[in-house]
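This report describes a single protein chain from its fold down to individual residues. The sequence and the coordinates follow.

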Amino acid sequence: MTLTDETRSESARRGHLAQPTAPKRPEELDPQQNPPVAEVFGSAAAPVTGPTNSLASRVVNCDDVPWTPFPMPGTSFKLLNINETTGATTILLYVAEGAEAPLHCHLGAAEAYNIFGTWAYEGEAKAIGPNCYVYEPAGIVHLPKQESESLMFGVFHGPIIGYNETGSVAGVITADLLWDLAKANNAVGHLPPRTGR
Ligand SMILES: [Fe+2]
């Protein structure tokens, strides 16, 4: 059915939801505003000879970002990015010697690059030392054991659930929680503002 003002107002009169506006048919298009497809593809395939000047990279000297206490004793973080589409967070995470992580579950995968220090997962013999990359799949429940102080660059692709010793939920670490903690510590000045927070 062709959408006309008449049919739209009839629909509105009957209490239906507003109808979307239909696109023009090819023969109705203005060739000035809608150049032929071959012409559009031709310009898209033009050689790229310079940088994009309508966008800018965000560069942060991490030394300028204060450490904020992470929701686990003996740990601190620097919030480097929040992906507003997925809720993923990118952080630097410092873990002091002797810090004990609780049993936790990653609702989204986690990735980490261990810059220095050594730690391991309970029940797994392999230690994670400097320059190790770690991938933790979504849904994994594990218990890291710290062998020395460590620093890692990490990306959490979803929230983390921490458990008490009885197995009940102690807390959930989300992007919003990390943002709120960092903001209260004046450690988000390098990040874009977030709507509603
Ligand atoms: Fe983990």
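Which residue follows α3, and is its phi positive or negative? The residue is asparagine 186, and its phi is positive, near 55 degrees. The model under discussion is a predicted one.

**Domains**

An automatic or database assignment divides the protein into two parts, domain 1 (5-44) and domain 2 (66-184). Their C-alpha centres are separated by 49 Å.

**Helix α3 and the core**

Helix α3 spans residues 175-184, and its buried residues are Ala175, Leu178 and Ala182. These residues lie on the same side of α3 because they cover an arc of only 65 degrees around the axis. Four strands receive the buried residues of α3: β1 (68-69), β2 (75-82), β3 (89-95) and β13 (169-173).

The largest nonpolar core comprises 14 residues. Phe77, Leu79, Leu178 and Ala182 have the most contacts inside this core. At least two of the core residues come from β2, and at least two come from α3. Phenylalanine 77 can be followed further: once neighbours within four places in sequence are set aside, its contacts are Thr68, Phe70, Ile91, Leu92, Leu93 and Leu178.

**Strand pairing**

Strands of a sheet pair through backbone hydrogen bonds, in either a parallel or an antiparallel sense. The table lists four pairings in this model.

| Strand pair | Sense | Bridges |
|---|---|---|
| β3 and β11 (residues 150-156) | antiparallel | 7 bridges |
| β5 (residues 110-116) and β11 | antiparallel | 6 bridges |
| β12 (residues 160-163) and β13 | antiparallel | 4 bridges |
| β6 (residues 119-121) and β7 | antiparallel | 2 bridges |

Strand β11 pairs with β3 and also with β5. Glycine 154 of β11 appears in both pairings: its bridge partner is isoleucine 91, and alanine 112 also stands opposite this glycine. Isoleucine 91 is, in addition, one of the contacts of phenylalanine 77.

**Two open sheets**

One open sheet has 3 strands, arranged in the order β7-β6-β10 with antiparallel pairing. Its edge strands, β7 (127-128) and β10 (144-146), each pair on one side only. Within the β6-β7 pair, tryptophan 119 is placed opposite isoleucine 128 of β7.

A second open sheet consists of 4 strands in the order β9-β4-β12-β13, again with antiparallel pairing. Here the edges are β9 (141-142) and β13, and each of them pairs on one side only. Opposite glycine 171 in β13 stands glycine 162. Strand β13 thus has two roles in this description, as an edge of the sheet and as one of the strands against which the buried residues of α3 pack.

**The loop between β12 and β13**

Is glycine 167, in contrast to the residues of the core, buried or exposed? This glycine belongs to the loop that connects β12 and β13. Glycine 167 has 8 C-beta neighbours inside 10 Å and therefore counts as exposed, since the cut-off for an exposed residue is 12 or fewer. Phenylalanine 153 is 14 residues away from glycine 167 in sequence, and the C-alpha atoms of the two are 28 Å apart in space.

Terms used. Residues numbered from 1 in each chain as written. Predicted model: local features only at pLDDT ≥ 70, side-chain atom pairs only at ≥ 80, totals over all residues. Buried ≥ 20, exposed ≤ 12 C-beta atoms within 10 Å, placed from the backbone. Arc of directions from axis to C-beta. Contact = placed C-beta atoms within 7 Å. Pairing = 2+ DSSP bridges. Core = buried A, V, L, I, M, F, W, Y, C linked by C-beta atoms within 7 Å.
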